[in-house]
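Reader: I'd like to learn how to read a pocket and its ligand. Can you walk me through one?

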Amino acid sequence: MKAQYRTLQEKIDNRIKTVLSHGGFIMGPEVYELEERLAEFAGTKYAIGCANGTDALQLSLMALGVKPGDAVFCPTFTFFATAEVIALCGATPVFVDSELSTFNMCPQDLDKKIKTILEQEELTPKAVIAVDLFGLPANYPELQKIIEKYDLLLIEDAAQGFGGEINGKRAGSFGDIATTSFFPAKPLGCYGDGGAIFTSNDELASIVKSLRVHGKGSDKYDNVRVGVNSRLDTIQAAILLEKLQVFPEEIKLRNKVADKYTLALSSLYSTPQVPDEMVSSWAQYTLTVSSRDAMIDKLSVANIPSMVYYRTCMHEQTAFKHLGKENAECPQAEALAKQVVSLPMHPYLSDEEIDKVTSVLAE
Ligand SMILES: *Cc1c(COP(=O)(O)O)cnc(C)c1O
């Protein structure tokens with residue numbers, strides 16, 4: 001964040017000053033300008049700002065009418081928010097295994113889990129939340145086939161994947177509705193909390209716009225449904241307008257960093273795979289190693305930070321224990337949770353810094 005701020009300081013400071021002087025802190029002009037830019041970038045008809053990436057998911061599920069008795073399928077190997085919002089809407093999360101090669105939702109296992117839920121006749125399969133984990137888009141071409149077969153709705157959780165692509169189609173444009181997060185550490189981060197929802201569906205867009213302001217109707221004090229208070233701050237939108245300008249270049253830089261890591265490490269470690277038709281936004285560069293703890297120790301002795309995303313699968317979280325394990329057979333995700341470790345990754349890493357990481361790992 002500091003390296004990025006050094007390159008953008010004057011522009012960002014001016015943007016913030018403009019907001020301070022016009023005083024439109026809530027839903028000011030920068031919010032609408034950013035929404036237009038984001039929709040152009042993602043290639044959707046609408047982008048709608050909100051308070052954070054978790055709210056973006058919750059608003060999406062609310063707009064799709066997800067309710068108690070519904071089953072919503074999501075990967076078990078993800079950040080908690082993906083599954084949390086399903087339960088918040090009163091629906092039941094059903095956890096799907098991950099592919100070892102991409103870390104993303106396994107289409108075959110999705111098909112299997114949907115069949116199981118249909119056979120049990122207790123829940124109604126309603127929607128799938130696919131996650132672009134670590135920046136790599138989920139396998140939408142394969143997932144779409146399954147979702148169409150069972151007539152389900154698709155939500156793309158692009159909190160980490162914004163900036164990624166499949167065959168030139170950008171993350172944020174897959175599914176009926178998509179979400180992202182502007183949490184500072186995400187590929188496109190602001191200086192606080194922020195999020196957005198993407199869709200090309202007129203009706204969904206108008207419901208989300210209403211839901212984010214207490215279910216407003218034609219005016220703020222006419223409430224036509226029960227919503228939430230979840231707007232993107234104008235100051236954050238102003239900051240994001242400047243960051244979005246350099247975002248495509250930053251994605252290229254992230255890819256250069258990833259290529260350098262892979263060149264130095266692929267003969268020694270299991271390095272992340274990007275299918276030919278895809279571009280990753282490299283939210284994380286993640287290795288799978290059996291001796292993870294020893295490696296983290298060696299890195300930390302050399303003052304190199306590393307992180308484990310994620311140690312605990314959703315089906316093993318205390319908050320979801322009550323769901324029982326019978327619908328949550330996810331052996332590959334469990335194996336990943338024991339082996340993943342993420343290296344320093346951002347667009348402004350120098351060659352010296354990359355060399356330091358790779359030489360410690362080579363040792
Ligand atoms: C960060 C993240 C979220 C939540 O975003 P917040 O802005 O922190 O609420 C949701 N899903 C995934 C996959 C994330 O990485």
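Author: Sure. Keep in mind that this is a predicted model. Let's start with the largest pocket: 47 residues line it, and Ala185, Lys186, Ala283, Gln284 and Tyr309 lie nearest its centre.

Reader: How does one find empty space in the first place, and what volume does the largest pocket have?

Author: The general idea is that rolling a probe the size of a water molecule over the atoms shows where empty space is left. Here, the largest pocket comes out at about 1100 Å³.

Reader: Which helices and strands supply its lining, and what's the mix of residue classes?

Author: At least two lining residues each come from α1 (2–22), α3, α4, α8 (234–265), α11 (351–362) and the strand β12 (340–343). By class, the lining has 25 nonpolar, 14 polar and eight charged residues.

Reader: And where's the ligand?

Author: The ligand takes up the space of that largest pocket. Its shell counts 13 residues, with Gly53, Thr54, Asp157, Ser181 and Lys186 coming nearest. Two helices, α3 (53–63) and α4 (80–88), each give at least two residues to this shell. Sorted by class, the shell holds four nonpolar, seven polar and two charged residues.

Reader: Which polar atoms lie by the ligand's oxygens around residues 52 to 54?

Author: Take them one by one. A polar side-chain atom of Thr54 is 2.5 Å from a ligand oxygen. For Gly53, a backbone N or O atom lies 2.7 Å from an oxygen of the ligand. Asn52 has a polar side-chain atom 3.5 Å from a ligand oxygen. As for cover, the ligand on its own has 380 Å² of accessible area, and the protein covers 93% of that.

Methods. Residues are numbered from 1 along each chain as its sequence is written. This is a predicted model: local features need pLDDT of at least 70, side-chain atom pairs count only at pLDDT 80 or more; totals for chains, interfaces and linings use all residues. Side-chain values use heavy atoms; hydrogens and water are left out. A residue is near a molecule or strand if one of its heavy atoms lies within 4 Å of it. A polar contact is a pair of N or O atoms within 3.5 Å; within protein, one must be able to donate a hydrogen and the other to accept it, and residues adjacent in sequence count only if both atoms are side-chain atoms. Accessible areas come from the Shrake-Rupley method with a 1.4 Å probe; for residues, only the protein chains shown count as cover. On a 1 Å grid over the protein atoms alone, a cavity is a set of points where a 1.4 Å probe fits but cannot get out, and a pocket is an open set with protein on both sides within 12 Å along at least five of seven lines; lining residues have an atom within 4 Å of a point. A molecule sits in a cavity or pocket if more than half of its atoms lie within 2 Å of its grid points. Helices (H or I, at least four residues) and strands (E, at least two) are DSSP runs, numbered from the N terminus. Ala, Val, Leu, Ile, Met, Phe, Trp, Tyr, Cys and Pro count as nonpolar, Asp, Glu, Lys and Arg as charged, and the others, Gly among them, as polar. Grid points are joined across faces, edges and corners, and a volume is the space filled by probe spheres set on the points.
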